[in-house]
Amino acid sequence: MALKTVTCLAAVCDECGQVLENPDGGEAHFDTEQQAREVTATYEWELLEDGRLICTEGHPDLLEEHGRIQPGPGAMTFTFNTDPEAGL
C-alpha cells in the first residue's frame, strides 16, 4: 500500500476554533482558498473585513458589531399587503 502526503485547507473559526464540517460529518477540506470561501459562505460563516473567519453559531454579538448578522435558516419573513381591497 502506497501512502502519499496531501496538503489541503480546512475552515476554522478564528473565535472558537470550530472546524467547518461536511453535512455527513467529518471536517470539510478544500484545495484552494477561493473554494473554502465559497463553501463557508454557503454555511453562513462570515469573513470579516479584518480577515477573520467566524462561524455564525456562537458569535452573534461579534457579527452584529461588524454589521454582518443575517437571519438564520429558521427565520420568519413577513410580507405586508397595503391594498385594502385584498382583505386580510
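**Notebook: salt bridges and the largest pocket**

I began with R52, which is partly exposed, with a relative accessible area of 25%. I kept in mind that the model is predicted.

Entry 1, partners of R52. I looked for carboxylates around this arginine and found two salt bridges to follow up. The side chain of D50 meets R52 in one of them, at 2.8 Å from N to O. E15 forms another with R52, and there the closest N and O atoms are 3.2 Å apart. I then placed the E15–R52 pair in the chain: E15 lies in the segment before α1, while R52 sits in the loop between β1 and β2 (53-54), so the pair ties together parts that are 37 residues apart in sequence.

Entry 2, exposure of the partners. I looked up E15 and noted a relative accessible area of 41%, which is partly exposed. D50 is also listed as partly exposed, at 47% relative accessibility. Salt bridges that share partners join E15, D50 and R52 into one network.

Entry 3, the helix pair. I moved to α1, where R37 and E33 form a salt bridge through their side chains, at 3.2 Å from N to O. The two residues are four apart in helix α1, so about one helical turn separates them. I checked both for exposure. R37 counts as partly exposed at 42% relative accessibility, whereas E33 has a relative accessible area of 54% and is exposed. The cut-off for exposed is over 50%, so E33 at 54% falls in that class. I closed the tally at three salt bridges.

Entry 4, the largest pocket. Which volume does the largest pocket have? I noted about 320 Å³. Of the 15 residues that line the largest pocket, E33, A36, R37, L47 and L53 are the closest to its centre. The elements that give two or more residues to this lining are α1 (33-42) and β1 (46-47). I recorded α1 as the source of the largest share, five residues.

Entry 5, character of the lining. How many residues of the lining of the largest pocket are nonpolar, polar and charged? I wrote down nine nonpolar, two polar and four charged. Both partners of the α1 salt bridge, R37 and E33, are among the residues closest to the centre of the largest pocket.

Methods:
Residues numbered from 1 in each chain as written. Predicted model: local features only at pLDDT ≥ 70, side-chain atom pairs only at ≥ 80, totals over all residues. Heavy atoms only, no water. 1 Å grid on protein atoms, 1.4 Å probe; cavity = no way out; pocket = protein on both sides within 12 Å on 5 of 7 lines; lining within 4 Å. Points joined across faces, edges and corners; volume = space filled by probe spheres on them. Nonpolar A, V, L, I, M, F, W, Y, C, P; charged D, E, K, R; others polar. Salt bridge = Lys/Arg side-chain N within 4 Å of Asp/Glu carboxyl O. Buried < 20%, exposed > 50% of the residue type's maximum accessible area, 1.4 Å probe, protein only.
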